[in-house]
Amino acid sequence: MHCGRGVARAVCNRYLALMNEMMPLAPLPRQRKPDWIRVKAPTGAGVAETRTMMRRLNLNTVCEEAACPNIGECWTKKHATVMILGDTCTRACAFCNVKTGMPRAVDALEPQHTADAAAELGLEHIVITSVDRDDLPDGGASQFVKVIQALRRTTPKTTIEILTPDFRNKAQAAVESIVEARPDVYNHNLETVPRLYPTIRPGARYYASLRLLESVKRHDPSIFTKSGVMVGLGEERLEVHQVMDDMRSADIDFLTMGQYLQPTPRHAKVMDFVTPQAFDAYAAIARAKGFLLVAASPLTRSSYHAGDDFEKMRAAREAKLARG
């Protein structure tokens, strides 16, 4: 548009200025990933075979649903984390890529299909997680129990690690029933520091999650407890140290720490890419605080190298008992 002279020109220029103010700015580009966080795309025969088997058994995996960056490495080794209770979550956390909505009915065949997958993959250690199911009277706890029982029948030598939701308003009964089924590891992630819960994990309560993990130890001290946090969401270093202290107060054995990655533009933004050196510093502090095991790196996730870590954690407990 071209402006003329005099008053008309002044009015025209003001109009153009207002239009420019009203025009939406171009979206800011997503922060470029540093070299240490990049991984190869999942390819290869092992990946294809694992995916085919999961589809045949009508099973979901958190590896796919949560867009895990380690899927290529894990599936090549035929290590997969089964996500029970469907693929639809009743919550909408700002960091999570799992879809949200009204879930379908619970699949009665899912426990045995999970055990069949463990047998077919030859798993020595399996991790079972789930979506949140606030729509169910027990939050889905009974399905965890059935999966553990099916695994004990079908692959009795496989050690079992579960990663549960917080069972909001149902935690006591849920934890009691699951602990009675005796998984080897009980994991529940705190995810982030308390200050960020309203925006990052709005459907959960930080101290309720801590109490859940504490209650596992109270019911059965022999079960290993585990929890994880993401960094890069805007947390402060001292806030992370306080989370470590809170975890130790709840007698949590194993801490995992990894870099948050933004799944899509509509999810919470990455505020900072934490360097490998900073992760090493966090790990050193966590070990000094008394965790049996710490896994901290940009690509660390709850079930990443879970089998190897379980063996390390068991050895660490035996060494501690021998010293004590």
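## Aromatic pairs

Four aromatic pairs are counted in this predicted model. One of them joins Y197 and Y206. Their ring centres lie 5.7 Å apart, with 90° between the planes, an edge-to-face arrangement. Y197 is buried, at 5% relative accessible area. Y206 is buried too, at 4%. Ring pairs also bring in Y207, so that Y197, Y206 and Y207 form a cluster.

F224 and F310 make another edge-to-face pair. Here the centres are 5.9 Å apart and the planes stand at 90°. This pair ties together distant parts of the chain, 86 residues apart. F224 belongs to strand β8 (residues 224-231), and F310 to helix α12 (residues 306-323). Both rings belong to buried residues.

## Charges over rings

Two arginines sit over phenylalanine rings, R317 over F224 and R248 over F291. R317 lies over the face of F224, 3.7 Å from the ring centre. F224 therefore has an edge-to-face partner in F310 as well as R317 over its face. For R248, the charged end is 5.4 Å from the centre of the F291 ring.

## The sheet

Eight strands build an open sheet with mixed pairing. Their order is β1-β2-β5-β6-β7-β8-β9-β10. Which strands stand at the edges? They are β1 (60-61) and β10 (293-296). Each has a single partner strand, so one side of each lacks a neighbour in the sheet.

Helix α9 (residues 206-219) packs on this sheet. The helix touches β7 (185-187) and β8. Its direction makes about 160° with that of β8.

## Strand β5 and its partners

Strand β5 (residues 125-130) has six of its six residues buried, so the rest of the structure largely encloses it. In a regular strand, side chains alternate between the two faces of the sheet. On one side of β5 are H125, V127 and T129. On the other are I126, I128 and S130. Both faces are covered, and all of these residues are buried.

β5 pairs in the parallel sense with strand β2 (residues 82-84), over three bridges. In that pairing, I84 stands opposite S130. β5 also pairs in the parallel sense with strand β6 (residues 159-163), over five bridges. There, I126 stands opposite I160.

## Strands β8 and β9

β8 and strand β9 (residues 254-259) run parallel, joined by six bridges. V229 stands opposite M257 of β9. β9 is mostly covered, with six of its six residues buried. F254, T256 and G258 point one way from the strand. L255, M257 and Q259 point the other way.

## S227 in β8

Is S227, a residue of β8, buried or exposed? S227 has 0% relative accessibility, and so counts as buried. Its side chain reaches the backbone oxygen of H188, at 2.7 Å.

What does S227 touch beyond residues up to four places away in sequence? Its contacts include N187, H188, N189 and L190. L213, M247 and I252 are also among them. So are F254, L255 and T256, and these three are buried residues of β9. H188 thus appears twice, through the side-chain reach to its backbone oxygen and in the contact list of the buried S227.

How values were computed: Residues are numbered from 1 along each chain as its sequence is written. This is a predicted model: local features need pLDDT of at least 70, side-chain atom pairs count only at pLDDT 80 or more; totals for chains, interfaces and linings use all residues. Side-chain values use heavy atoms; hydrogens and water are left out. Rings of Phe, Tyr and Trp (its six-membered ring) pair if their centres lie within 6.5 Å; planes under 30 degrees apart count as stacked, over 60 as edge-to-face and the rest as tilted. Buried means under 20% relative accessible area, exposed over 50%, partly exposed in between (1.4 Å probe, protein chains only). Helices (H or I, at least four residues) and strands (E, at least two) are DSSP runs, numbered from the N terminus. A charge sits over a ring if NZ of Lys or CZ of Arg is within 6 Å of the ring centre and within 35 degrees of the ring normal. Two strands pair if DSSP finds at least two bridges between them. Contact means heavy atoms within 4.5 Å. Axes are lines fitted to C-alpha atoms, for helices over the stretch in contact, and angles run from 0 to 180 degrees between N-to-C directions. A polar contact is a pair of N or O atoms within 3.5 Å; within protein, one must be able to donate a hydrogen and the other to accept it, and residues adjacent in sequence count only if both atoms are side-chain atoms.
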